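The following exercises introduce a protein model step by step. Each sets a task and then works through its solution.

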Amino acid sequence: MGPLQIKDILQTSPENQSVTVKGWVRTKRESKNAIFIALNDGSTIHNIQAVAEPGQFSAELLSTVTTGSCLKITGQLVESQGSGQAVEVKIDDILVYGTADPESFPLQPKKHSLEFLREIAHLRPRTNTFSAILRIRHALAFAVHQYFNDGGFFYLHTPVITASDAEGAGEMFRVTTLNLNKLPRTEEGAINFKEDFFGREANLTVSGQLEGELGAMALSKIYTFGPTFRAENSNTTRHLAEFWMIEPEMAFFELEDNMNLAEDFVKKVITYALIHCKDDLNFLQNRLAEEDKNKPQNERSIPLLEKLSFVVDNPFERLTYTEAIEILLKSKPHKEKKFQYPVGWGIDLSSEHERYLVEKHFKKPVILTNYPKEIKSFYMKLDEDGKTVRAMDVLFPGIGEIIGGSQREEDYDKLLGRVKEVGIDPENLWWYLETRKFGTAPHSGFGLGFERLVLFVTGMSNIRDVIPFPRYPKSAEF
Ligand code: ATP
Ligand code: MN
C-alpha cells in the first residue's frame, strides 16, 4: 500500500533504522542545540518530530522549511529525547517538495476561527480539527456500509436525477439543458419541457426513498447512501443544500422493527467511531473543553466521549407524538410562555420543543412516533384512528431530528387516496403505486442525514464544518 505513513512510523520501535517521512510542516522551532520540525501527513492527528543539528543545513534551505511547506525527510528513527513523543527522526536529508510563503500562506500556527477556515476550505483539511473530522467522517461512512453488509442489506444506487419530488420535502434544484436565454415555449406560452434533455422537468433528488422502496420490494433489505439536494433557503447550523443521506428500506418490517433497527444502527456506528477514532475524538474533546473554559459552569457541555458512551449505553426513550404534546403542555417553559412557538395537538414540533424533550425532560435520545398525518408525508401508513401515521423521528441532544422514518402505506387504495389528498398527480407516481398492486407487503424505512451524525459524533456545532466542501445559500466555492 505504498510507503509507510506517519501513523505507522509512530508505532514502530526505534532501532536507528533509516526511515523516510513525507508530509506538511506544522511548525519549525529552532533552539541553541537543535532544529525541530513537526511534520504531519494527515494519516493521524499526531505529528512526527524530525530533528536536525544547528549548521547541518544551509540557512537558505532552512528558510524554505516553513509552516505549510511539504517535505521529504530521510533520517534515522530514534527514541525521542523529548517528552511529547516516543520516537523521532534524526534528519540526514531534507527535500523540499513545495514551499509555502509565510507572507501569504493563510494557515499559520495559531488559532483560526471556524468561520475563517470555511473561507479557505481548500486548505482547512490541513488543520488538526478538520483532519480529525474528516478521518472520523470516513470511519463513520465505513461503519455504515459494514453495519448494513453484516445485516444482510444490499447497497442500492438510487438515481441522483429524478422527475419526482418524493417528499414535497423541499425546494428542488432543477436539471436542464435548455438554453435559459432562449426558452422553448408551448402554444400557451409555458416553458416547453418536451424539448428538454429528458423530455420533461427533472430535478436533483431530495431523497432516494421511493426508489429505495422499489428495491426493498424485491431484495427485502436495501440501503442507499448518496448525495441529496435541497434548495431550501435554510441558513441554519443543521441544513446543507447538498448532504449525504443514508436510507435503509426493509420489506416485512413494521414500525417497531424500524425503531429497533434505527436505534441499533446509530449505536453501532457510534461504537465503531469510539473504538477506531480514539485519538481524533480525544483531540476534539479537548478542543471543546478548551472552548468551554470561557463559558459559565452551567453552560459547559459534558465531555464528548462521555456523551457518546452515554448514547451507546442507554435505551432511547420512546413515546408517541400525543404523549410528547402532553409533556410539553405541562412543561415549565410552556406555562411561563417561554416557548417562541405555541404548543397544541397538531403542531409541527419546532426545534425548541424537540430540544426541551431531549435535553431537559428525558436527557437522552428520544424516538417520537405516531404523528398527525397532516404534518407528515403521504406515503406513511395510516393508523387505525385515521388521524395519525406510523412515523418515527429520532431526536438527538444538540441536534434535534437526526432520523426521520416510518412504516410505509402498503394498501393501494389508501395510498392513492393520500396521494390525491396532498395534491400529487398519481400519473407521476404510477410506478410507485404499482408496487402496491403487485405483491404488496408491509415495509418500513428511514433516512439519516449523515452530516447530522458526524455533527453529533465530532461535537461540532455547525454542519458546514463536518463536510469537506459545504454547499449552502450563496456558497458553492471550491
Ligand atoms: P428538518 O426538519 O430538520 O429540516 P426534514 O424533516 O426535512 O428535517 P427528512 O426529509 O425527514 O428531514 O430527511 C431525513 C433526514 O435527513 C433528517 O432527519 C436529517 O437528518 C437529514 N436532513 C434533512 N434535511 C437536511 C439538510 N438540509 N441538510 C442536512 N441534513 C438534512
Ligand atoms: Mn427540512
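**Exercise 1. Determine whether isoleucine 9 is buried or exposed, and describe its surroundings.**

Solution. The model is a predicted one. Step one is the accessibility: isoleucine 9 has a relative accessible area of 1%. Buried means under 20%, so isoleucine 9 is buried. Step two is the location, which is helix α1, residues 6-10. Step three is the list of contacts. With neighbours within four places in sequence left aside, isoleucine 9 touches Leu4, Thr20, Val21, Ile48, Leu77 and Val87. Finally, the C-alpha atom of isoleucine 9 is 9.7 Å from that of valine 89, although their positions lie 80 residues apart along the chain.

**Exercise 2. Classify arginine 135 by its relative accessibility and list its contacts.**

Solution. Arginine 135 belongs to helix α4, which spans residues 128-150. Its relative accessibility is 16%, so arginine 135 counts as buried. Beyond the neighbours within four places in sequence, its contacts are Gly42, Ser43, Thr44, Ile45 and Asp280.

**Exercise 3. State which residues of helix α8 are buried and where they lie around the axis.**

Solution. Begin with the helix, which covers residues 304-313; its buried residues are Leu304, Lys307, Leu308, Val311 and Val312. These residues span an arc of only 135 degrees around the axis, and therefore they lie on the same side of α8. The next step is to find what they pack against: the partners are the helices α6 (255-276), α7 (278-292) and α14 (450-458), together with strand β14 (388-396).

**Exercise 4. Compare the settings of lysine 363 and asparagine 370.**

Solution. Consider the backbone of each residue. Lysine 363 has a positive phi of about 55 degrees without being a glycine. Asparagine 370, likewise not a glycine, also has a positive phi of about 55 degrees. Now consider location: lysine 363 sits in the loop between α11 (351-362) and β13 (366-372), whereas asparagine 370 is part of strand β13. Last comes accessibility. Lysine 363 is exposed, at a relative accessible area of 56%, while asparagine 370 is buried, at 18%.

**Exercise 5. Describe how the protein surrounds ligand 1.**

Solution. Start with the shell. There are 16 residues around ligand 1, and those that come nearest are Glu232, His239, Glu401, Ile402 and Arg452. By class, the shell comprises 6 nonpolar, 4 polar and 6 charged residues. Strands β11 (242-251), β15 (400-407) and β16 (443-449) each contribute at least two of its residues, and the largest share, 4 residues, is that of β15.

Next, examine the polar atoms. A nitrogen atom of ligand 1 lies 2.7 Å from a side-chain N or O atom of glutamate 232. An oxygen atom of ligand 1 is 2.8 Å from a side-chain N or O atom of glutamate 401. A polar backbone atom of glycine 449 is 3.1 Å from an oxygen atom of the ligand. To finish, consider the surface: ligand 1 taken alone exposes 580 Å², of which the protein buries 81%.

**Exercise 6. Summarise the protein as a whole, beginning with its helices and strands.**

Solution. The secondary structure comprises 14 helices and 16 strands. Along the principal axes, the C-alpha atoms fill a box of roughly 85 × 60 × 45 Å. Of the 478 residues, 49% are buried. The exposed surface is about 23,900 Å², and carbon and sulfur atoms supply 51% of it. Among contacts with a separation of 6 or more, 67% join residues 24 or more positions apart.

Definitions and conventions: Residues numbered from 1 in each chain as written. Chains lettered and ligands numbered in written order. Predicted model: local features only at pLDDT ≥ 70, side-chain atom pairs only at ≥ 80, totals over all residues. Heavy atoms only, no water. Near = heavy atom within 4 Å. Polar contact = N/O pair within 3.5 Å; in protein donor to acceptor, adjacent residues only side chain to side chain. Areas by Shrake-Rupley, 256 points an atom, 1.4 Å probe, with all protein chains shown as cover. Nonpolar A, V, L, I, M, F, W, Y, C, P; charged D, E, K, R; others polar. Buried < 20%, exposed > 50% of the residue type's maximum accessible area, 1.4 Å probe, protein only. Arc of directions from axis to C-beta. Contact = heavy atoms within 4.5 Å.
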